[in-house]
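Open your viewer, pick a cartoon representation, and keep the selection box handy. We will go from the whole fold down to single side chains.

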Amino acid sequence: MDTDAFFEWYLRVSGKTLLDITADHSIKLHTAIRDGSLDAVEELFASGAVHCSLPLYTDGVPNAQGVLPLHRAARHGHLDIVRFLLRQVHPNNRAAFLNEQTLYDHTALHWACVYGQAAVVEELIQSGADTSSLNDHGKTAWDLAEIHEQVAVLAVFKQFAADP
């Protein structure tokens, strides 16, 4: 049985639509990321059920805020998951992936700065995140670190600013 025939059979038998299946996998992925379960994230990727740009689904539709897996991993400070997600993206697409913005123009770097995830901030900057990207209030990630008094994050920014 070829893959398309199997998939069509599965949809008929399960009674689920492709949207239902995508939403289920989205919830599993975002929950695993939130919980810091690298094993579960790796398993979902290995099964081919998810991808790096799969937004969280709410009530069967993509969440309007546009939160992607990298945003969630950065927000929760799961450096191992951030690194795993970055490895899933071809180097030619990495800049776009790193700088993908939510509805309110927050990048993963913005999220990591707001929540004081210094190790993630360092990884994102080293990986090529755009430190000059502005959110919907015209704030950079550095601005947000200052506003939220994230001393460890500010130290990372200062370290990179001092490096030639």
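Among contacts in the protein between residues at least 6 apart in sequence, what percentage join residues at least 24 apart? The share is 63%, where contact means heavy atoms within 4.5 Å.

Before selecting anything, a word on the ground rules. This is a predicted model, in which local features need pLDDT of at least 70 and side-chain atom pairs count only at pLDDT 80 or more, while totals for chains, interfaces and linings use all residues. Residues are numbered from 1 along each chain as its sequence is written, and side-chain values use heavy atoms, with hydrogens and water left out.

**The whole chain**

Colour by secondary structure and you should find 10 helices and two strands; helices (H or I, at least four residues) and strands (E, at least two) are DSSP runs, numbered from the N terminus. Along the sequence, the pattern reads α-α-α-β-β-α-α-α-α-α-α-α. Now show the surface: the accessible area is about 8,900 Å², with 52% of it belonging to carbon and sulfur atoms (Shrake-Rupley method, 1.4 Å probe; for residues, only the protein chains shown count as cover). Of the 164 residues, 38% are buried. Buried means under 20% relative accessible area, exposed over 50%, and partly exposed in between (1.4 Å probe, protein chains only).

**Helix 3**

Next, select residues 38-46, which form helix 3. Leu38, Val41, Leu44 and Phe45 are buried here. Look down the helix axis: these buried residues fall within an arc of 125 degrees, so they line one face of the helix (the arc is that of the directions from the helix axis to the C-beta atoms). Turn to the other side of helix 3 and you meet the exposed Asp39, Glu43 and Ala46. After the helix comes Gly48, with a positive phi near 80 degrees.

**Two rings and a charge**

How many aromatic pairs does a search of the whole structure find? There are two, counting rings of Phe, Tyr and Trp (its six-membered ring) whose centres lie within 6.5 Å, with planes under 30 degrees apart called stacked, over 60 edge-to-face and the rest tilted. Show Phe45 and Phe84 as sticks: this edge-to-face pair has its centres 5.2 Å apart and 80 degrees between the planes. The pair links distant parts of the chain, from Phe45 in helix 3 to Phe84 in helix 5 (residues 79-87), 39 residues apart. Both Phe45 and Phe84 are buried.

Then move to Arg75, whose charged end sits over the ring of Tyr115, 3.8 Å from its centre (the criterion is NZ of Lys or CZ of Arg within 6 Å of the ring centre and within 35 degrees of the ring normal).

**The core**

Select Leu85, Leu109, Val121 and Leu124, the residues with the most contacts inside the largest nonpolar core, which has 40 residues. Helix 5 gives the largest share of this core, six residues. Such a core is a set of buried Ala, Val, Leu, Ile, Met, Phe, Trp, Tyr and Cys residues joined through side-chain atoms within 4.5 Å.

Centre on Leu85: beyond four places in sequence, its contacts include Phe45, Cys52 and Phe97.

**Two last stops**

Cys52 lies in the loop between helix 3 and strand 1 (57-58). Is Cys52 buried or exposed? It counts as buried, because its relative accessibility is 9%.

Finish at Glu123 in helix 8 (residues 118-126). With 15% relative accessibility, Glu123 counts as buried. Leaving aside neighbours within four places in sequence, Glu123 is in contact with Leu79, Val82, Arg83 and Leu86.
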